[in-house]
Every structure is written in C-alpha cells, then in structure tokens.
Amino acid sequence: MSKLDTVGGTSVERISERDLVVTRVFAAPVERVFDAWTTPALFKLWWAPQSMGVPLLDCQMDVRLGGSYSVTFGKDPAEAMTFYGTYVDVAAPSRLAWTNDESGETTVTTVSFSPDPAGTRLVLHESYATKEALDEACIGMEGAMPEQFLQLDALLARMVDAD
C-alpha cells in the first residue's frame with residue numbers, strides 16, 4: 001500500500017489500512033536473532049530507541065504459547081508506561097506472535113525469522129484492530145523501528161565478536 005521508510009536496511013511498509021510490515025536482514029544466525037527477541041536481558045539492550053531518551057525499566061517474558069510479557073518504559077518509575085500481552089504462537093526459532101493488549105484494542109504482532117545468505121531475514125507484521133490505531137502507531141514508527149533494528153544489529157555483532 002505505502003512504503004513509509006527504508007533506513008539502515010530496515011524497510012517499514014504499510015501494506016493495508018490495518019497492517020504494517022517491517023523487514024530487515026541481520027548478519028547473525030537465526031537462533032541468535034530469535035534469542036535477542038526472547039531473552040529479557042538481551043531484549044533490554046536493544047528495544048528502546050536510544051534517541052528517545054526513555055529507558056526500558058523492566059522486561060518480563062514467559063515465552064511459550066499462552067505465556068505473557070510486559071515491557072515497562074520511563075524515566076521515572078512512578079510515571080512509567082507498560083506494554084503487555086500474551087504469546088499466541090511460539091515456534092522457536094522461526095516464529096513468535098503476541099498480542100498487544102494495553103490499548104484495549106488488541107494488536108497482534110508476528111515476527112518470523114528465516115535463514116538468509118547474509119544471516120537472518122526478519123519480518124515483523126503488525127495487524128491493528130482499526131485503521132485509526134495503525135495511523136496512531138505509525139507516528140514516529142518510521143524512525144523508531146529502524147533505530148531499534150540498528151541497535152539490535154550492533155548487539156548481534158557484539159555477540160558474534162564474543163564467540
């Protein structure tokens with residue numbers, strides 16, 4: 001439908017009125033990229049875009065079908081914002097899907113991890129309840145997602161160097 005941006009190898013595309021797809025290839029094995037999405041200590045190192053200056057304060061993940069997660073952001077814990085939901089599909093290391101329930105309108109995020117000659121092709125697909133919910137989410141998304149993925153890329157490079 002419309003490509004929002006391509007930054008640092010990350011493509012952000014709105015494919016329908018309610019669906020957004022983000023694609024990126026990482027120079028790391030599928031298992032390592034999957035681990036960065038499912039291990040709280042690793043997730044905390046890359047998920048919050050540094051340029052926004054809002055740290056990730058807490059990350060809880062019970063990565064299994066029916067398990068829950070919560071991710072809390074904020075400079076001040078008293079005024080922090082928590083995102084939470086339930087894992088609806090876990091097929092390690094090829095796919096993860098979860099609900100985003102904090103808004104009252106459930107969004108489903110599905111991330112697939114597949115081998116690529118350069119490492120791992122990651123495709124993130126977010127399906128929103130309404131066009132308006134996606135419109136709101138897209139504000140700043142084209143900058144935030146590429147930055148998050150650049151941070152993930154840097155983390156994966158450090159992990160490979162440590163081997």
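Which side chain meets that of Arg-14 in a salt bridge? Keep that question in mind while you take in the whole chain, remembering throughout that the model is predicted.

**The whole chain**

Begin with everything selected and coloured by confidence: the mean pLDDT of the chain is 89, and 91% of its residues reach 70 or more. Then select residues 1–7, where the pLDDT is below 50, although this stretch has 23 contacts in the model beyond near neighbours in sequence. Where pLDDT is low, the predicted coordinates should not be read in detail.

Switch to a cartoon, and the secondary structure comes to four helices and nine strands, which, followed from the N terminus, run in the order β-β-β-α-α-β-β-β-β-β-β-α-α. Along the principal axes, the C-alpha atoms fill a box of roughly 40 × 40 × 35 Å. The radius of gyration is 15 Å, and because a compact globule with 163 residues would have a value near 15 Å, the chain agrees with that expectation. Of the contacts with a separation of 6 or more, 44% are accounted for by residues 24 or more positions apart.

If you now turn on the surface, the chain exposes about 8100 Å², of which carbon and sulfur atoms supply 54%, while 42% of the 163 residues count as buried.

**Arg-14 and its partner**

Select Arg-14 and Asp-135 to settle the opening question: these two side chains meet in a salt bridge, with an N to O distance of 2.6 Å. The pair links distant parts of the chain, since Arg-14 belongs to strand β2 (residues 10–14) and Asp-135 to helix α3 (residues 131–138), 121 residues apart. Is each of the two buried or partly exposed? Arg-14 is buried, because its relative accessible area of 11% lies under the 20% cut-off, whereas Asp-135, at 28%, is partly exposed. Add Lys-131 to the selection, and you have a network of salt bridges that links Arg-14, Lys-131 and Asp-135.

**Other charged pairs**

A search of the whole structure finds six salt bridges, and two further examples are worth displaying as sticks. Select Asp-62 and Arg-64, whose closest N and O atoms are 2.9 Å apart in a salt bridge; here Asp-62 is partly exposed, with a relative accessible area of 31%, and Arg-64 also counts as partly exposed, at 45%. Next select Arg-95 with Asp-89, where the side chains meet in a salt bridge at 2.4 Å, N to O. Arg-95 is partly exposed at 33% relative accessible area, and Asp-89 counts as partly exposed at 23%.

**Strands β7, β8 and β9**

From Arg-95, move along the strands by selecting residues 95–100 and 107–116, which are β7 and β8 and which pair in the antiparallel sense over six bridges. Within this pairing, Ala-97 has Thr-110 of β8 as its bridge partner. The hairpin of β7 and β8 has six residues between the strands, and Gly-104 there takes a positive phi near 90°.

Extend the selection to residues 119–127, strand β9, and you will find β8 paired with β9 in the antiparallel sense over nine bridges. Ser-114 stands opposite Arg-121 in β9, and the hairpin that joins β8 to β9 does so through two residues.

Methods: Residues are numbered from 1 along each chain as its sequence is written. This is a predicted model: local features need pLDDT of at least 70, side-chain atom pairs count only at pLDDT 80 or more; totals for chains, interfaces and linings use all residues. Side-chain values use heavy atoms; hydrogens and water are left out. pLDDT is the predictor's confidence in each residue, from 0 to 100. Contact means heavy atoms within 4.5 Å. A salt bridge is a side-chain nitrogen of Lys or Arg within 4 Å of a carboxyl oxygen of Asp or Glu. Buried means under 20% relative accessible area, exposed over 50%, partly exposed in between (1.4 Å probe, protein chains only). Two strands pair if DSSP finds at least two bridges between them. The radius of gyration is taken over C-alpha atoms; the globule rule is 2.2 Å times the number of residues to the power 0.38. Accessible areas come from the Shrake-Rupley method with a 1.4 Å probe; for residues, only the protein chains shown count as cover.
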